Amino acid sequence: MSGPGEPKIRIRGLHKAFGEKRVLRGVDLDIGAGESMVVIGGSGTGKSVTVKCALGIVEPDSGSILIDGAESVGLKGAAREAVNARMGMLFQGGALFDSLPVWENVAFGLVAAGQRTRRDAKPVALETLAQVGLGPEVGDLMPAELSGGMQKRVALARAIAARPDIIFFDEPTTGLDPIMADVINDLIVECVRELGATALSITHDMASARKIADRIAMLHEGRIVWSGAVADIDASGNEFVDQFIHGRASGPIRMAVRR
Amino acid sequence: MNPLAAIGRAFLALLEAIGRLVLFAFAAVTHIVRPPFYPRALLRQMVDIGYYSLPVVALTTLFSGMVLALQSHTGFARFSAEGAVAGVVALSITRELAPVLAGLMVAGRVGASMAAELGTMRVTEQIDALSTLSTDPMKYLVAPRILAGFVMLPPLVLVGDVIGIFGGYIVGIYKLDFSPGAYIDQTWRFIEVRDVVSGLVKAAAFGFLVSLMGCYHGYRSAGGAQGVGRAATSAVVSSAILILVFNYVITELFFAK
């Protein structure tokens, strides 16, 4: 567990380049235990890469990611699996396994980590589905039979089924109508609070960010350019944040658009 | 542009690709022998490769045996050696045609589908999701497929051997006027254990190669739907080429004087 005053997740000097493209250029970010941090920023600024580095899916070129004070960069095999077993992840597109029914998707992490046998995991999966507002009849459906909003709920159920103490949310409301987006936001807040988990979400949906965040950080060109409490964002005094939250085309952030 | 530099770059790229493939194959094989194992995933792949490929392999070998009997009869009639038809059919089917045709058919059916499935899982982040759920994707997705290909191709080819020889028998009896007893006797006299075993060894190698190429191209796929399509095509083409190359190598090992 984190020591007193020590953040749950501490990211320092994270760099990552894909070929010539330098995506992360020294990300520094602290997330306290039980805190809900939302990272905002435009497309291609490195939000997803930051989360994938934390999960070990992408290996950073340099930098450090301390989880409860222990280095997680460079972990492989069983050591990485042990760290990941304490984490949940909601992917942008859901990333549900097409070949498995909904309940097996939700129970997958429980069975894989050896916490439950396949048979014992089913009631837990159905209980978790109920937590995100889905009835037991959904458990036997295949992911392709669900609407986008239901798929997001199932993905959320999968992310929280093993009761992780850290949860990552990658664009949780992308592709949903505003009402369903709000439902998902409420569920995220509820689940994170109930689990007492630390949450790191990435989004460019400001309504979602305001609803689920305790603190917000803005990523621009691979660096955190501002971070602060959600209540302070409208008076951040940061020109990047101002342009982003008001959705203005003119300002210091230049989009790669050719006319 | 310096042509020598271009040739050098292409050669280095080829070496890099071979190195990547060999490392991938090595990782896959080590995952096959190290726990945890996924018997349900393995069984599903074995059924898909072995059972569902039966019709296409059966039809291919049946007609190959039939046409082989017809063609060899036409050729041997010139030397009054029609009696060798049964033996030639048996040898050709067991040593060459059944393993190569089954390998190519499975490459088209299973290799492409593996590449497309894993490629789709890659681009929809399902493979990343596995990593976040305490599951090594190489162990859960790749190892069972490669093991299933290696294990299921030999029985598939054995069935193909029987059906191919039966195809030759049908043409021999009903078209070329052989007596059933003489045809079967000729077949037994020509065929040796080594002929069948060499075909089964080829089958195991081809099964391994087809699954390996399907998994390799699918697992490394990138670039959305187009990338998945490219992965499926590459899996089939590379499997087909490797099957033909390794067919020669294994034949050389078994039968070279």
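## Exercises on a predicted two-chain model

α3(A) crosses α4(A) in a right-handed sense. The coordinates come from a predicted model.

**Exercise 1.** Determine how α3(A) and α4(A) are oriented to each other, and which residues make their contact.

*Solution.*
- Step 1. The contact involves A:Trp103, A:Val106, A:Ala107, A:Leu110 and A:Val111 of α3(A), and on the α4(A) side A:Arg118, A:Ala121, A:Lys122, A:Val124, A:Ala125, A:Leu126, A:Thr128 and A:Leu129.
- Step 2. By class, the residues of this contact are 10 nonpolar, 1 polar and 2 charged.
- Step 3. Helix α3 covers residues 102-112 of chain A and helix α4 residues 118-131 of chain A; they pack at about 120 degrees, with axes 8 Å apart.
- Step 4. Angles of 65 to 115 degrees count as roughly perpendicular and those over 145 as roughly antiparallel, with the rest above 35 oblique. α3(A) and α4(A) are therefore oblique to each other.

**Exercise 2.** Describe the packing of α4(B) and α6(B).

*Solution.*
- Step 1. In chain B, helix α4 (residues 85-123) packs on helix α6 (residues 137-174) at an angle of about 145 degrees, and the axes are 7 Å apart.
- Step 2. The crossing of this pair is right-handed.
- Step 3. The contact of α4(B) with α6(B) comprises 17 nonpolar, 6 polar and 2 charged residues.

**Exercise 3.** Assess whether chain A is as compact as a globular protein of its length.

*Solution.*
- Step 1. Chain A contains 8 helices and 10 strands.
- Step 2. Its radius of gyration is 18 Å, and the globule rule gives 18 Å for 259 residues, so chain A is as compact as a globular protein of that length.
- Step 3. The C-alpha trace of chain A spans about 55 × 40 × 40 Å along its principal axes.
- Step 4. Of the 259 residues in chain A, 44% are buried.

**Exercise 4.** Classify A:Glu171 and A:Glu221 as buried, partly exposed or exposed, and locate each one.

*Solution.*
- Step 1. A:Glu171 sits in the loop between β7 (166-170) and α6 (178-195) of chain A, and its phi is positive, near 45 degrees.
- Step 2. A residue is buried at 20 or more C-beta neighbours within 10 Å and exposed at 12 or fewer. A:Glu171 has 19 inside 10 Å, so it counts as partly exposed.
- Step 3. A:Glu221 belongs to the loop between β9 (215-220) and β10 (223-229) of chain A, with a positive phi near 50 degrees.
- Step 4. A:Glu221 has 16 C-beta neighbours inside 10 Å and therefore counts as partly exposed.

Terms used: Residues are numbered from 1 along each chain as its sequence is written. Chains are lettered from A and ligands numbered from 1 in the order in which they are written. This is a predicted model: local features need pLDDT of at least 70, side-chain atom pairs count only at pLDDT 80 or more; totals for chains, interfaces and linings use all residues. Axes are lines fitted to C-alpha atoms, for helices over the stretch in contact, and angles run from 0 to 180 degrees between N-to-C directions. Helices (H or I, at least four residues) and strands (E, at least two) are DSSP runs, numbered from the N terminus. A crossing is left-handed if the near helix is turned anticlockwise from the far one by less than a right angle, and right-handed if clockwise. Two residues are in contact if their C-beta atoms, placed from the backbone, lie within 7 Å. Ala, Val, Leu, Ile, Met, Phe, Trp, Tyr, Cys and Pro count as nonpolar, Asp, Glu, Lys and Arg as charged, and the others, Gly among them, as polar. The radius of gyration is taken over C-alpha atoms; the globule rule is 2.2 Å times the number of residues to the power 0.38.
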